[in-house]
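Hi there,

Here is the structure I said I would pass along. Have a look at it first, and then read my notes below.

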Amino acid sequence: MPVVVVTDSSSRLPESVAAHYGIRQVPLHVSYDDKDYREGIDPIPENLSSTPGVTTSGANPAELTEYFESALEASEGDGVVAVHLSRKLSGTWSSARLAAERFSGQVRIVDSRSVGLAVGFTAIAAAQAAAAGADRDRVYESAIRQAATVDSLLAVQQLDNLRQSGRISAAGKLFGSALSIKPILHMVDGTLQLRERHRTYSKALDKMVDAAVECAGGRAVTVGIQHCESPVVAEELLETLRGRLRMVTSELVVELGPILGPHVGPGAVGVVIASHLDPIEGTEAR
């Protein structure tokens with residue numbers, strides 16, 4: 001088997017897509033009611049995005065070591081490239097670096113500088129390079145290039161979850177405004193920052209589409225839609241983008257899930273625009 005790609009469950013990759021590319025997803029943790037759940041492994045209560053008292057945490061070095069060891073065995077010596085969510089949003093990247101020290105350079109760690117499907121698309125870029133025969137360093141470089149060029153936008157319907165999570169840069173500018181303001185956020189160098197503010201959610205969605213089209217720049221792109229308990233809005237957003245973008249090579253629509261959802265709240269919908277990807281294969285890719 002060629003170079004094996006590892007990521008974490010924040011990547012939101014459907015199981016079928018991850019399985020097709022041999023991508024291994026390390027579970028992140030969500031805690032509620034004095035219980036710890038591993039995303040993608042343990043049965044997790046529903047609707048945690050609107051439940052008070054939910055906390056999340058990254059993978060620890062011991063968990064990552066276990067996944068790296070298994071991936072190295074599968075690679076038969078070709079090595080591992082691990083793609084994780086932004087180091088500025090989680091301790092998972094730091095834990096991965098610590099775990100990788102045990103493997104004498106056979107495991108290379110990528111800071112995706114993002115979260116959600118932007119992490120997933122970066123992992124897919126690495127896996128596609130590996131499938132094409134690239135060695136560990138070239139797979140790593142493919143992931144770095146994708147991480148540097150992917151664009152991630154998010155329209156948020158309510159501010160309470162963002163306020164409580166503390167994971168947005170320059171929060172004062174946002175939370176000092178009227179509670180009715182609907183923000184568009186975007187990832188900038190690993191942090192979630194305010195891009196625009198609008199008075200209605202529908203206006204924010206319209207402007208997010210405009211921003212996504214601008215990010216695509218007339219190129220052929222892969223489109224990801226991620227949402228928190230808003231599947232109908234997500235599908236409508238995808239349909240609108242189909243009519244606005246010049247060429248869409250692949251589409252994915254996913255839930256933000258129990259790790260990411262509590263930080264942005266119900267109604268949040270995001271768009272991820274990626275170039276440098278071959279069409280995504282796997283039964284859930286469209």
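**What I found**

The protein has 10 helices and 13 strands. Please keep in mind that this is a predicted model.

Let me start with the overall shape. A compact globule of 286 residues would have a radius of gyration near 19 Å, and the protein has 18 Å, so the two agree. Along the principal axes, the C-alpha atoms fill a box of roughly 55 × 50 × 30 Å. Of the 286 residues, 54% are buried.

Helix α10 is a good place to look at burial in detail. This helix covers residues 257-264, and seven of its eight residues are buried, so α10 is largely enclosed by the rest of the structure. The buried ones are Gly-257, Ile-259, Leu-260, Gly-261, Pro-262, His-263 and Val-264. Just after α10 comes Gly-265, which takes a positive phi of about 85°.

Now to the surface. Which residues gather there in a patch of negative charge? They are Glu-76, Asp-78, Asp-135 and Glu-141. I took a closer look at one of them, Asp-135, which is found in the loop between α4 (117-131) and α5 (136-149). Is Asp-135 buried or exposed? The answer lies in between: its relative accessible area is 43%, and because buried means under 20% and exposed means over 50%, Asp-135 counts as partly exposed.

If you are choosing where to begin, you could start with the buried residues of α10 and then turn to the negative patch on the surface.

Happy browsing, and best wishes

Definitions and conventions: Residues are numbered from 1 along each chain as its sequence is written. This is a predicted model: local features need pLDDT of at least 70, side-chain atom pairs count only at pLDDT 80 or more; totals for chains, interfaces and linings use all residues. Side-chain values use heavy atoms; hydrogens and water are left out. Patches are made of residues with over 30% relative accessible area and no salt bridge: like charges are joined within 9 Å, nonpolar side chains (Val, Leu, Ile, Met, Phe, Trp, Tyr) within 5 Å. Accessible areas come from the Shrake-Rupley method with a 1.4 Å probe; for residues, only the protein chains shown count as cover. A salt bridge is a side-chain nitrogen of Lys or Arg within 4 Å of a carboxyl oxygen of Asp or Glu. Lys and Arg count as positive and Asp and Glu as negative; His and the chain ends are not counted. The place of a charge is taken as NZ of Lys, CZ of Arg, CG of Asp or CD of Glu. Helices (H or I, at least four residues) and strands (E, at least two) are DSSP runs, numbered from the N terminus. Buried means under 20% relative accessible area, exposed over 50%, partly exposed in between (1.4 Å probe, protein chains only). The radius of gyration is taken over C-alpha atoms; the globule rule is 2.2 Å times the number of residues to the power 0.38.
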